[in-house]
Structure formats: C-alpha cells, structure tokens
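This report covers a single protein chain. The sequence and coordinates come first, and the description follows.

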Amino acid sequence: MVNSHHSILDALFNTKATEAIRKGIDIDFELNDLSTLPFDVSDMVVLFSNLLDNAIEACEKVDGNRVIRVSVVLKRSLLFSIRNTTLPVKIKNDTIQTTKPNASLHGFGLSNIKLILNKYHADFVMDYTDGWFQFTGEIET
C-alpha cells in the first residue's frame, strides 16, 4: 500500500494503515522517496507511530466521516503533516490535555513527539479547525 523506499517506515506506515482501515477510517499517504532520510530511524518510528496512533484514536471517537491524511516529503528538509477528523480539541501552549481517564498515566505520545522534534531543532504547529486536527512539522536536513 505504501512505498517510500524506506523499508522500516514503510512497514510502520502499512501497519498503521491496516489498523486504520480495520477500524473504518479512510487513510491515505502522500510520500516521496525517503530512502536517504538522514535521521535516526528509531526517532522517526517513535515520531510517526505516535502521530498516527493519536490520529487513529481521535478518529475512532468521531461518528461519521473518519479520515486521516498523511504527507511525508523529503526535499531540502523533511516536511510532514498528519491531518485527521476529530471531536473539538483545545490546544494550549503546544499541548493537548488527554481526555482519557486517569490522565496521569496518559498523554506521553505528544511529549515523545516534542522531545524528538526538539532533538532535531524542528519547527511544528498544531491546529484545530472545523472538525479537523492537523500536526505539521519540518526538520532541516
């Protein structure tokens, strides 16, 4: 389904796509050749698995249109965006409060994402508008 010429990321993307489809979520990918991705592969797996897990979890709560759009493009920098339908989200100080019971045991995914992006001095932005959440980032190569 997904072929970016990066075997580990392709395995991750295909696994998450299969999970999303199984849960009734429409998911699509816009990727280019990621075979020369210069970043630690374990960091990229943590980054994208957390972003996709969050998107899948948010879509599961939506009645009706469940959609995830993934874009990962490597040019002079790595530009990526995960956009998904969701219930209303409040973003404050680049953080989203977990809605799970026992909040002290949850909410680490976004922290892990931010740790990795800080490691690479990356820029990112989160936005919620009209039923859509979007996480966009750029890591300079």
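## S81 in strand 3

S81 counts as buried because its relative accessibility is 14%, and buried means under 20%. The model is a predicted one, and in it S81 belongs to strand 3. Leaving out residues up to four places away in sequence, S81 touches R69, V70, S71, Q134, F135 and T136. Strand 2 covers 67-74 and strand 7 covers 132-140, so R69, V70 and S71 fall within the range of strand 2, and Q134, F135 and T136 within that of strand 7.

A separation is also available for S81 and L115, which are 34 residues apart along the chain. Their C-alpha atoms are separated by 17 Å.

## Overall fold and dimensions

The protein chain contains three helices and seven strands. Their order along the sequence is α-β-α-β-β-β-β-α-β-β. The radius of gyration is 15 Å, close to the 14 Å that the globule rule gives for 141 residues, so the protein chain is as compact as a globular protein of that length. The C-alpha trace spans about 40 × 30 × 25 Å along its principal axes.

Of the 141 residues in the protein chain, 43% are buried. Taking contacts between residues at least 6 apart in sequence, 68% join residues at least 24 apart.

## Surface and charge

The exposed area of the protein chain is about 7800 Å², and carbon and sulfur atoms supply 51% of it. There are 14 positive and 18 negative side chains. The centres of these two sets lie 5 Å apart.

## The largest nonpolar core

Which residues touch the most other members of the largest nonpolar core? They are M44, L47, F48, L78, F80 and I139, out of 38 residues in that core. Helix 1 (7-22), strand 1 (26-31), helix 2 (41-60), strand 2 (67-74), strand 3 (77-85), helix 3 (108-119) and strand 7 (132-140) each supply at least two residues of the core. Helix 2 gives the largest share, eight residues.

L47 is one of the residues that touch the most other core members. Not counting residues up to four places away in sequence, L47 touches F80, I113, I116, L117 and I139. Two of these partners, F80 and I139, are also named among the residues with the most core neighbours.

## V67 in strand 2

V67 is found in strand 2 and is buried, with a relative accessible area of 4%. The C-alpha atoms of V67 and D26 are 4.7 Å apart, although the two residues are 41 apart in sequence.

Beyond its neighbours within four places in sequence, V67 is in contact with I25, D26, C59, R83, N84, T85 and W132. D26 therefore appears both in this contact list and in the C-alpha pair, and a contact requires heavy atoms within 4.5 Å.

## A122 and I8

Is A122 buried or exposed? A122 is buried, at a relative accessible area of 11%. A122 sits in the loop between helix 3 and strand 6. With residues up to four places away in sequence left out, A122 touches L117, E138 and I139. A122 and D33 are 89 residues apart in sequence, and 20 Å separates their C-alpha atoms.

I8 is in helix 1 and is partly exposed, with a relative accessible area of 41%. Its contacts outside the four nearest places in sequence are with V41 and V45. From I8 to I91 the C-alpha distance is 31 Å, and the two residues are 83 apart in sequence.

## Backbone outliers

Most residues other than glycine have a negative phi. H5 has a positive phi of about 70 degrees although it is not a glycine. The position of H5 is in the segment before helix 1.

D130 is another residue other than glycine with a positive phi, near 50 degrees. D130 lies in the loop between strand 6 (123-129) and strand 7. At a relative accessible area of 70%, D130 is exposed.

Notes
Residues are numbered from 1 along each chain as its sequence is written. This is a predicted model: local features need pLDDT of at least 70, side-chain atom pairs count only at pLDDT 80 or more; totals for chains, interfaces and linings use all residues. Side-chain values use heavy atoms; hydrogens and water are left out. Helices (H or I, at least four residues) and strands (E, at least two) are DSSP runs, numbered from the N terminus. The radius of gyration is taken over C-alpha atoms; the globule rule is 2.2 Å times the number of residues to the power 0.38. Buried means under 20% relative accessible area, exposed over 50%, partly exposed in between (1.4 Å probe, protein chains only). Accessible areas come from the Shrake-Rupley method with a 1.4 Å probe; for residues, only the protein chains shown count as cover. Lys and Arg count as positive and Asp and Glu as negative; His and the chain ends are not counted. The place of a charge is taken as NZ of Lys, CZ of Arg, CG of Asp or CD of Glu. A nonpolar core is a set of buried Ala, Val, Leu, Ile, Met, Phe, Trp, Tyr and Cys residues joined through side-chain atoms within 4.5 Å.
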